[in-house]
Each structure stands twice: as structure tokens, then as C-alpha cells.
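Me: I have some questions about how the labels on this model are justified. Please set each value against its cut-off.

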Amino acid sequence: MSENNSSSSNTILRLQDVKKYFPVKRDLLQQIMRVGEQQYVHAVDGVSFEIEQGKVFGLVGESGSGKSTTGRLGVGLLEPTEGEVVFEDVHLNNLSGEELRKMRRYMQVIFQDPMASLNPRMSLGEGVGHGLKIHRLVNSQQEFRHRVSEIFEKVGLTPGDAYFDRYPHQISGGQRQRAVIARALVMQPKLILADEPIAMADVSVKAILLDLMVQLQREFGLTYLFITHDLATAKYICDRIAIMYLGEIIEVGDIRTVYTNPKHPYTEALLAAVPVPDPRFRRPAPMPRGEIPNAINPPSGCRFHPRCPIAQDICKTEHPRLLEVPGQAGHMAACHFRTGDYIHLDPGPLINMNVAMVE
Ligand code: ADP
Ligand code: MG
């Protein structure tokens with residue numbers, strides 16, 4: 001179920017049928033009695049995708065769908081239970097700890113909580129530039145200070161030198177997130193994993209930070225693996241997106257195609273839930289009630305079937321493969337009735353996607 005079976009030459013990252021299962025902690029009694037089968041959280045369950053150099057690839061889905069785990073697997077912060085992660089033709093699975101550590105320089109991470117990402121006891125300059133020293137990329141303290149100050153200016157912390165000696169608690173939340181972006185950039189990475197990078201910022205700063213990330217991506221020709229639960233954010237920054245549900249990719253394609261022509265009922269439901277700017281207009285919210293089921297015992301067949309408005313019996317038993325939408329190269333979905341074997345029996349668009357007037 002690969003998104004692309006043949007790698008194009010400018011693929012920077014490729015995940016091939018990657019799985020990550022976490023053992024569920026057993027309670028004390030179970031441990032003492034040695035009873036109960038060991039259970040696993042199927043956090044990521046057979047995910048494949050490729051990211052092209054210089055592009056922004058989005059992972060979108062509800063909380064718990066496996067976005068962060070997929071991201072961490074992609075940059076070698078987690079080891080897959082199964083499958084392959086290939087960064088620039090290097091199979092990360094085969095690397096020793098030391099080789100992987102060296103490789104990490106090229107794969108930087110921006111997490112959502114800047115306070116947790118910055119060491120409160122280190123000055124901003126020392127904290128942001130830490131990696132330069134670890135990887136011995138500077139020869140003197142003077143050069144170090146210069147490199148870090150330069151990056152501060154790139155992320156809008158000006159004058160850069162003035163920020164070097166400050167501490168994380170002395171600046172605003174928005175400025176801290178800029179510093180975290182600077183910490184990734186200073187390493188001159190090839191790939192940046194941005195895991196909900198603006199989720200914790202004040203509403204007033206969100207758009208500014210997003211613009212900054214777009215501008216930096218263009219200026220440095222960066223590649224982002226961009227994680228968000230928010231489709232509006234994804235639409236703004238991503239070239240391609242993959243929609244995740246319970247550890248699987250259920251739809252993937254160019255952002256415009258997925259947005260205007262979603263194929264999976266779950267994608268349709270997510271899109272319908274995106275707020276529209278004019279409050280007089282509201283889309284009907286077709287997302288069926290019910291929580292995202294747990295990832296220890298995912299539903300049989302299509303994992304979305306218990307919540308799906310068009311599910312039929314087949315959906316309870318047969319797992320739909322991620323298949324190309326007929327006539328739309330690069331756009332794939334996993335739904336029996338939209339791309340699969342039962343496409344000729346399509347029960348129809350039961351979800352009304354038209355914009356409805358609300359009094
Ligand atoms: P998302 O980022 O989409 O919210 P995550 O990748 O964080 O999803 O989590 C996917 C699933 O894996 C969730 O059910 C979560 O509870 C579980 N999970 C994530 N990390 C661990 C871990 N270290 N140990 C056990 N379960 C985990
Ligand atoms: Mg997450």
C-alpha cells in the first residue's frame with residue numbers, strides 16, 4: 001500500500017509500511033499473577049508516504065490518530081516495530097546509535113510547547129545554539145555567538161545579539177516559539193518535523209508564526225513534515241497532506257485536490273467541521289457522534305466504519321486498501337465505496353457538503 005512504489009530522485013524522506021506498537025502497561029496484579037495477554041497500542045499501523053525535497057507534507061487527524069508517533073519515526077526519534085524509514089537513501093533502521101546521532105543534525109524538530117523545548121537554566125543563545133557545540137560546528141565562542149545571533153534575526157528576534165543573554169522566562173510565548181524555530185534552523189537542517197508548532201501560541205500570534213515558517217521554508221528551501229489537527233492551518237502551509245485515522249493514512253494527495261475533492265467520508269467530515277469565516281453560513285456537521293475508538297483493539301474491517309455514514313456490511317469485515325482515485329494521479333484514498341472494489345456500488349454522497357444557510 002505504498003503511496004508511490006518508485007522513488008523519485010528528489011525524495012528526501014520515505015516511509016514504507018511503517019508500524020509502531022507500544023506495549024500496554026499491565027497492572028500490578030496481572031504482573032504478579034502473570035496473567036492477561038500482553039496488549040499493544042497500534043499507534044502507527046502500516047503507514048507509507050514520501051516527501052519531496054523543498055515541499056511541505058502535512059499529517060492531519062484527530063488527537064490520538066498517530067501523527068506524532070509517525071513524525072518521530074520519520075526523523076529517527078523512535079524505532080519502528082516494522083517497516084522502513086529512508087532519509088536521503090540512508091535506511092535509518094540500519095544505523096548505529098552514533099551514526100543516527102550524526103544524522104539527526106539534518107533532521108530538526110519543532111514541538112508545540114516552547115517552554116518544554118528550551119532549557120530554563122540556559123541563556124537563549126546557549127540553548128538555541130546547543131546543537132552547534134554538540135556537533136562541533138563552531139570553532140570559537142565568538143563564531144558561536146555570531147551564528148546564533150544571525151539566526152535570531154532571521155526569526156524576527158532583533159537585534160539578535162540582544163536576545164543571546166536573555167532567559168526563556170524573560171520573553172513572551174510567541175518569542176519563545178521563534179527561539180525554538182531558530183534552534184532548528186541554526187543546524188541548517190534538510191528536514192524539519194514541526195509537530196503542532198503553533199497550537200499553543202496565542203490566537204493573535206498564530207498567523208504571524210505560520211507566516212514566518214512559510215517565509216523561512218521558502219528562503220532556505222526547507223522541507224517540512226508538518227503535523228496539525230487543524231485543516232485550515234494545513235491548507236495554508238502544506239503542498240500535500242495525508243489524513244490519519246487510528247494509525248493509518250486514509251487519504252493522501254495535493255492539498256487543493258483533497259480540499260476540493262475529498263474521497264474518504266472521514267476527510268469529508270473533517271472538512272465540514274472547518275469553521276467558515278462568515279458566521280451566517282455554516283456547513284452541516286456530519287461527523288457522527290462517538291469518540292475515536294481506542295488503538296488497542298481497532299475496529300475490524302475499515303477502522304472508520306462505526307462512525308461512517310455510508311458504511312455497509314463489507315466495511316465491517318474487509319480492510320480497504322489505500323488506492324488511487326481513478327483518473328487522479330497522486331490522490332489516494334482507502335474506502336471500498338470510493339476507490340475500492342465496490343466503487344461501482346457507490347452508495348452515493350450521503351454527506352451533504354453544500355453550504356447551508358443558518359438563521
Ligand atoms: P497524535 O499525535 O495524532 O495525537 P500519537 O502519535 O501521540 O497521536 O498517539 C497515537 C496513539 O499511541 C495514542 O493512542 C497514544 O495514546 C499512543 N501512544 C503514543 N505514544 C505512546 C507511548 N510512548 N507509549 C504508549 N502509547 C503511546
Ligand atoms: Mg500529537
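Me: What makes helix H12 (residues 265–272) mostly covered?
Reply: This is a predicted model. In H12, 8 of its 8 residues are buried. Buried means under 20% relative accessible area. Pro-265, Tyr-266, Thr-267, Glu-268, Ala-269, Leu-270, Leu-271 and Ala-272 meet that cut-off. So H12 counts as mostly covered.

Me: What covers the buried residues of H12?
Reply: The cover includes two helices, H10 (231–237) and H11 (255–260). It also includes strands E9 (240–245) and E10 (248–254).

Me: Why is the pair between Lys-67 and ligand 1 called a polar contact?
Reply: A polar side-chain atom of Lys-67 lies 2.8 Å from an oxygen atom of the ligand. The cut-off for a pair of N or O atoms is within 3.5 Å, so the pair qualifies. Thr-69 also places a polar side-chain atom at 2.5 Å from a ligand oxygen. For Ser-65, a backbone N or O atom lies 3.2 Å from an oxygen atom of ligand 1. Both distances fall within 3.5 Å, so these pairs qualify too.

Me: How much of ligand 1 does the protein bury?
Reply: Taken alone, ligand 1 exposes 560 Å². The protein buries 60% of that.

Me: Which elements give two or more residues to the shell around ligand 1?
Reply: They are strand E2 (40–52) and helix H2 (67–74). H2 gives the most, with 3 residues.

Me: How many residues of each class does that shell have?
Reply: It has 3 nonpolar, 6 polar and 2 charged residues. Glu and Lys count as charged, so Glu-62 and Lys-67 belong to that class.

Terms used: Residues numbered from 1 in each chain as written. Chains lettered and ligands numbered in written order. Predicted model: local features only at pLDDT ≥ 70, side-chain atom pairs only at ≥ 80, totals over all residues. Heavy atoms only, no water. Near = heavy atom within 4 Å. Polar contact = N/O pair within 3.5 Å; in protein donor to acceptor, adjacent residues only side chain to side chain. Areas by Shrake-Rupley, 256 points an atom, 1.4 Å probe, with all protein chains shown as cover. Helix = DSSP H or I, 4+ residues; strand = E, 2+ residues; numbered from the N terminus. Buried < 20%, exposed > 50% of the residue type's maximum accessible area, 1.4 Å probe, protein only. Contact = heavy atoms within 4.5 Å.
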